[in-house]
Amino acid sequence: MTEIVDNNRPKPRAGIMDIAAYVPGKSSAPAGVDKIHKLSSNENPLGASPKATAAVKAVAEKLEFYPDGAATRLREAIAHIHGLNAANIVCSNGSDELLGLISQSYLGPGDEAIYTEHGFMVYKIYIQAAGATPVVAKETDERADVDAILAAVTDKTKIVFLANPNNPTGTYLPFIEVRRLHAALPAHVLLVVDAAYAEYVRRNDYEAGVELVAANQNVVMTRTFSKIHGLGGARIGWVYAPTHIVEVLERMRGPFNVNAVAIEAGIAAMNDRAHVERTVEHNAHWLDWLTQQLTELGLRVTPSVGNFVLIHFPEAEKHSAARADDYLSARGYILRRVAGYGFPNALRMTVGTEEANRGVVDALTEFLKS
Ligand SMILES: *Cc1c(COP(=O)(O)O)cnc(C)c1O
């Protein structure tokens, strides 16, 4: 297409062209690699529940019908399993969509929203898309720092985004710290707790945020089916929120934002507790194993409670993260570069199948000898 530069052509709102578009994890390896292990997007190595797959096949026969715009049965399934009120749940096309809707609803030009130094990149994009100003709070030891977040609050602050656990670090804030953060925020500041990896966390001092939402007017918790349920391709997220916020999001969302395939897959996945259990067990075992093996290789691994590890590489150029990434890709292991998250010399690896985990450790053993 020939682009004729015409100064009268349509122009986007101020600030939109300043957004650095999201770059997803790679999904391909160089030509000639026959088997690929995709460990770049924190997908479930056990796949989706077979019950979800069966539900999708069944709905494939009825695609002419619009879905239930309110996703009522899906919200009820979530509410039943999590012990929540379905009226305080809004579902979405991935939790990304909700983060965007929340930003569009509560932020505008002149407002500020805070996220942490190595926080999930999507927050910045949505803050900018709403015309507001992103404010970064420093982390301490690659973990959100409540005091730094509170120090960043001004009279312009409207939202604080907290990924707990965070991606790509895998670190988390104990619930007592999340409470301390909330207690010190002004009442008009919305605390968005993004608990995308909540199901994986096995720590007594962790809570996803349900109680905090239930007891307050300025906290929401977002969740996703993309990680524990292995349904990243179906795009399903949800938020648990006070009624006044639900009333806002109901006005802002698309009328059929969760499609019929997603609804059926989500219900089946939510009800397949055995698959969730298997996934949690698999992850707990291999997360420990990977952390130990990689540490023994002399690589620093940020302590993770999620389904991924952040691996830091040595200073020496020949063993840099970029070189390691090339070396692993050539052998079919696709990890995630995280320079954009402030980690130029690290790679994020999803906990994979036994074969993938052992394969990466073997390949890195060779790489570090080379
Ligand atoms: C993967 C992820 C999500 C989930 O995104 P979806 O749009 O639901 O697939 C949300 N937050 C964080 C921190 C994540 O890593």
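## Reading the labels on this structure

Q: Which residues is His312 in contact with, leaving aside its neighbours within four places in sequence?
A: In this predicted model, His312 contacts Glu142, Leu299, Arg300, Thr302, Phe343, Asn345 and Ala346, not counting neighbours within four places in sequence. Each of these counts as a contact because heavy atoms come within 4.5 Å.

Q: What makes the His312 and Thr302 pair a polar contact?
A: Their side chains come to 2.7 Å. The cut-off for such a pair of N or O atoms is 3.5 Å, so that distance qualifies.

Q: Why is His312 called buried?
A: His312, found in strand S12, has a relative accessibility of 11%. Buried means under 20%, so His312 earns the label.

Q: How do you know that Ser320 is buried?
A: The relative accessible area of Ser320 is 7%, and the limit for buried is under 20%, so the word applies. Ser320 sits in the loop between strand S12 (308-312) and helix H11 (321-330). Beyond neighbours within four places in sequence, Ser320 is in contact with Phe313, Pro314, Asn345 and Phe367.

Q: Why does Ile125 count as buried?
A: Ile125 belongs to helix H4 (residues 122-129) and has a relative accessible area of 16%. Since buried means under 20%, Ile125 is therefore buried. Setting aside neighbours within four places in sequence, its contacts are Ile19, Ala20, Ala21 and Tyr22. As for Ile16, 109 residues away along the chain, its C-alpha atom is separated from that of Ile125 by 9.3 Å.

Q: How do you know that the buried residues of H8 line one face of the helix?
A: The residues in question are Ile245, Val246 and Leu249, in helix H8 (residues 243-252). Viewed down the axis, they fall within an arc of 100°, so they line one face. As background, an α-helix has 3.6 residues a turn, so residues three or four places apart point the same way. The buried residues of H8 pack against strands S2 (89-92), S8 (190-194), S9 (219-224) and S10 (237-240), and against helix H3 (95-106).

Q: What puts the buried residues of H6 on the same side?
A: Helix H6 (residues 175-184) has Phe175, Glu177, Val178, Leu181 and His182 as its buried residues. These cover an arc of only 160° around the axis, which puts them on the same side of H6. Ile176 and Ala183 are exposed on the other side. Partners of the buried residues of H6 include helix H5 (146-152), strand S7 (157-163) and helix H7 (210-215).

Q: Which residues of the largest nonpolar core touch the most other members?
A: They are Leu74, Leu191, Phe225 and Trp238, out of 53 residues in this core. Helix H9 (residues 260-271) contributes the largest share, 7 residues. Apart from this core lies another one of 30 residues, among them Leu107, Ala130, Ile159 and Tyr341. Leaving aside neighbours within four places in sequence, Trp238 has contacts that include Ile78, His82, Leu98, Met221 and Phe225.

Q: What surrounds the ligand?
A: The surrounding residues are Gly94, Ser95, Asp96, Phe120, Asn167, Asp194, Ala196, Tyr197, Thr224, Ser226, Lys227 and Arg235. A polar backbone atom of Asp96 is 3.0 Å from an oxygen atom of the ligand. For polar side-chain atoms, the distance to a ligand oxygen is 2.8 Å from Asn167 and 3.2 Å from Lys227. The protein covers 94% of the 390 Å² of accessible area that the ligand has on its own.

Q: Why is Arg235 called partly exposed?
A: Arg235 has 27% relative accessibility. Buried ends under 20% and exposed begins over 50%, so Arg235 falls in between. This residue lies in the loop between S9 and S10, and has a positive phi of about 60° although it is not a glycine.

Q: Why does Asn42 count as buried?
A: Its relative accessibility is 0%, and buried means under 20%, so Asn42 meets the cut-off. Asn42 also has a positive phi, about 55°, without being a glycine. The loop that holds Asn42 runs between strand S1 (37-38) and helix H1 (50-59).

Q: What is omega for the cis peptide bond from Asn167 to Pro168?
A: Omega is near 15° there. The bond from Asn164 to Pro165 is cis as well, with omega near 0°. Pro165 is in the loop between S7 and H6, and Pro168 is placed in the loop between S7 and H6 too.

How values were computed. Residues numbered from 1 in each chain as written. Predicted model: local features only at pLDDT ≥ 70, side-chain atom pairs only at ≥ 80, totals over all residues. Heavy atoms only, no water. Buried < 20%, exposed > 50% of the residue type's maximum accessible area, 1.4 Å probe, protein only. Helix = DSSP H or I, 4+ residues; strand = E, 2+ residues; numbered from the N terminus. Arc of directions from axis to C-beta. Near = heavy atom within 4 Å. Polar contact = N/O pair within 3.5 Å; in protein donor to acceptor, adjacent residues only side chain to side chain. Areas by Shrake-Rupley, 256 points an atom, 1.4 Å probe, with all protein chains shown as cover. Core = buried A, V, L, I, M, F, W, Y, C linked by side-chain atoms within 4.5 Å.
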